[in-house]
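Have your viewer ready and your selection tool at hand. We will make a few stops together, one selection at a time.

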Amino acid sequence: MNIKFNEKTNTFYLHTKNSTYAMMVEKHGYLSHLYYGKKIVNQDLSYLLRYKEISFSPNPPGSIDREFSINLIPLEYPAFGCGDFRVFSISIFDENGYEGLNLKYKGHKILNEKPELKGLPSTFYNDEAKETLEISLYDETINVLVNLYYSVFYEKDAIARHVVITNMGQNIIKINKAHSMCLDFNHDEFDLMTFSGKHGKERMLNRNSINRGIFTLDSKRGASSHQFNPSIILASKDANENMGESYGIALVYSGSFSFDVEVSEANTTRVTAGINPCQFLWNLKQGEAFTTPEALFSYSNDGVGQISRNFHDLLRDNLIKRPLEYKLPPVLINSWEGCYFDFDSDKLIKIAEEASALNIELFVMDDGWFGKRNNDKTSLGDWYVNKGKITSGLYDLVEKIKSLGMKFGIWVEPEMVSPESELYKLHPDWAIHMKNREPSISRNQLVLDFSRDDVKEYITEEISNILNSADISYVKWDMNRHITDVGSSLLDKNSQGEVLHRHILGVYEVMDKITSRFKNVLFEGCSGGGGRFDAGMLYYMPQIWASDNMDPIDRLYIQYGTSFIYPPCSMGTHVATVPNHSNGRITDFKTRGDVSLFGAFGYELDVRKLSYDEKTLVKEQIDLFHNHRKLIFNGDYYRILNPFRDNASAWAVVSKDKHEAILCFVQILSEVSTLPKIIKIPGLIDDEIYEINKEYRISGASLKNAGLNLELCFGDFKSQMFYLKKI
């Protein structure tokens with residue numbers, strides 16, 4: 001068993017392949033955290049809990065032990081209001097308006113299954129041992145039961161946590177904060193790694209020392225956002241890619257979230273994460289339960305690179321739900337940057353004819369095919385074909401594309417409505433809004449209120465009708481604005497604090513219904529590019545458009561930051577035209593292809609305008625992707641050079657059996673009077689010989705420790721690719 005309970009010491013142990021997570025019910029009945037780190041077996045860790053009297057640290061209710069304060073001991077799920085002044089995981093108002101909770105241990109169970117998180121995406125077990133620990137905490141005053149769940153993924157060195165809060169009393173209570181987890185450490189010797197940015201430059205790596213005080217990373221936008229990603233890594237000061245202690249945490253949630261990291265006056269560190277308490281106030285009636293989103297943990301003593309590989313395996317194998325055939329998606333071409341809104345059936349077919357001749361497998365018709373959509377000012381919500389553009393109808397267009405030997409895909413933005421649309425004229429109350437207040441407009445659109453059953457039913461049927469009307473193999477699901485003016489016309493004044501969470505639950509419900517109805521359709525998530533790139537979306541959609549910015553140099557930084565938590569198979573990566581539409585940069589076609597090959601690969605341009613040499617490169621790139629996509633999608637990913645630091649980027653993917661690998665190197669700016677780079681390639685077998693690009697042979701030990709000597713690149717933005725195979 002990977003979950004054990006020592007009855008003599010009231011201590012719980014959760015073991016993965018390389019880590020141990022320990023906690024205990026201390027003598028006053030509080031569930032205290034003891035240890036999370038390198039694996040320790042057959043050792044009583046209860047001695048790690050420390051008691052000491054420190055001024056202005058109060059005793060909890062019912063205790064006069066001056067050496068005991070919950071403001072000083074590490075806790076598994078700290079509550080607000082009973083003497084712990086640090087950041088907390090839960091806060092509740094009782095029926096009298098008092099805010100306070102005193103949670104003590106009530107019991108536990110070790111389950112041989114993983115409970116379903118009702119209405120929420122979550123990890124699942126496959127063939128591994130199925131073990132979940134349920135620990136019950138209780139507040140006797142207001143009769144609140146809080147169940148903590150810990151599911152162990154032994155081989156992935158990962159733990160999944162969530163919380164269920166149940167009102168066992170007779171009166172309505174209000175949940176003011178319900179985070180998914182807490183993690184306490186007995187020191188503050190950490191760097192905090194976060195992934196922030198903006199539209200077109202998402203998930204930029206930040207690494208900073210933590211200091212005394214509270215650092216909050218959050219989104220209040222109703223979505224996980226371009227600005228801040230719902231994931232962090234805590235790394236020891238000396239940790240790098242290949243050595244040192246690291247802790248990764250990621251939320252399986254796509255709405256407003258928050259992470260709080262606090263260094264206390266005692267130089268301890270606490271991390272909590274979950275739903276953002278801003279604009280959140282949940283009414284819980286007698287017998288009702290509230291379930292928090294899932295939080296995923298991983299520990300590594302082998303650097304942040306191993307944290308990434310742990311998360312990649314966990315998300316690929318135990319979160320993404322998709323048919324087997326879509327583990328290796330087709331190469332696509334998307335019409336957006338090639339056409340924008342300026343297209344009709346004839347133009348699309350001509351582009352598809354040229355694309356088919358280049359062996360591109362899937363044609364995607366992007367925005368502009370529905371309603372009166374000739375620009376971004378109208379028609380969102382009117383999900384019928386624009387006959388002025390698609391003259392013979394969607395079915396006929398799809399059949400013509402299929403006759404070229406290609407599959408067909410389509411763009412939708414189901415969560416939005418244009419003020420200038422038939423839907424909004426009929427149902428203005430279907431948009432999220434505050435009564436008697438003029439709503440904010442962003443990109444000429446409003447957000448539909450997915451907390452409403454009528455909205456969910458309408459969108460589910462409208463999108464289903466589209467997908468039933470023709471043989472559509474792929475859907476790009478976009479979401480191009482964040483939420484303001486938060487309110488719902490169906491909820492009363494006491495329930496408006498529930499809108500944002502009910503909305504994202506509604507989005508999940510619709511996504512679940514549609515993706516379940518159309519199991520053979522490949523869904524790609526998008527939100528103005530990478531504005532909703534999170535584990536919650538990956539549950540329904542196995543790939544997410546990484547960024548609207550397809551410049552390969554900017555993509556070095558975007559894909560570098562994304563890779564710390566999310567696997568290459570989840571990143572939508574396309575070759576676009578130059579000058580780049582986001583920044584005007586001109587780069588080689590080869591460089592654009594090499595960078596894009598390490599993800600869900602495709603093109604976003606008008607192939608009719610390519611030169612003969614560029615068309616030849618398209619065929620070569622597609623062949624390369626076909627030959628190596630199984631390796632790229634399922635292998636172990638290693639970051640080698642950091643573009644933020646090294647004026648270059650390099651990375652490798654090594655197969656699980658270590659028999660083959662693929663390495664990419666990209667020089668950013670050319671430098672005079674410099675020597676060629678030597679790149680060390682991790683993850684290989686020391687005693688084996690690897691053939692490189694069918695040209696020369698070097699041992700795994702030499703490649704790992706001495707490195708591969710690259711040719712000198714002349715010019716800016718040049719790339720090199722190497723394929724290694726064990727002989």
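How much space lies in the largest pocket? The answer is about 670 Å³. Keep in mind as you look around that this is a predicted model.

**Stop one: the centre of the pocket.** Select Trp282, Glu288, Ala289, Glu498 and Arg502 and show their side chains. Of the 28 residues that line the largest pocket, these five lie nearest its centre.

**Stop two: the elements around it.** Now colour strand E18 (282-284), strand E19 (289-291) and helix H7 (499-517). Each of them supplies at least two residues of the pocket lining. Which element gives the most to that lining? Helix H7 does, with five residues.

**Stop three: the character of the lining.** Try colouring the lining by residue type. You should find eleven charged residues, nine nonpolar ones and eight polar ones in the lining of the largest pocket.

**Stop four: a pair of helices.** Leave the pocket and select helix H9 (residues 552-562) together with helix H10 (residues 589-596). Their axes are 9 Å apart, and the two helices pack at an angle of about 15°. Because angles under 35 degrees count as roughly parallel, H9 is roughly parallel to H10. The crossing of H9 past H10 is left-handed.

**Stop five: where the helices touch.** Show side chains for Pro552, Arg555, Leu556 and Gln559, which make the contact from H9. On the H10 side, pick Thr591, Arg592 and Val595. Together, the residues of this contact comprise three nonpolar, two polar and two charged.

Methods. Residues numbered from 1 in each chain as written. Predicted model: local features only at pLDDT ≥ 70, side-chain atom pairs only at ≥ 80, totals over all residues. Heavy atoms only, no water. 1 Å grid on protein atoms, 1.4 Å probe; cavity = no way out; pocket = protein on both sides within 12 Å on 5 of 7 lines; lining within 4 Å. Points joined across faces, edges and corners; volume = space filled by probe spheres on them. Helix = DSSP H or I, 4+ residues; strand = E, 2+ residues; numbered from the N terminus. Nonpolar A, V, L, I, M, F, W, Y, C, P; charged D, E, K, R; others polar. Axes fitted to C-alpha atoms, helices over the stretch in contact; angles between N-to-C directions. Parallel < 35°, antiparallel > 145°, perpendicular 65-115°, else oblique. Left-handed = near helix turned anticlockwise from the far one by under 90°. Contact = heavy atoms within 4.5 Å.
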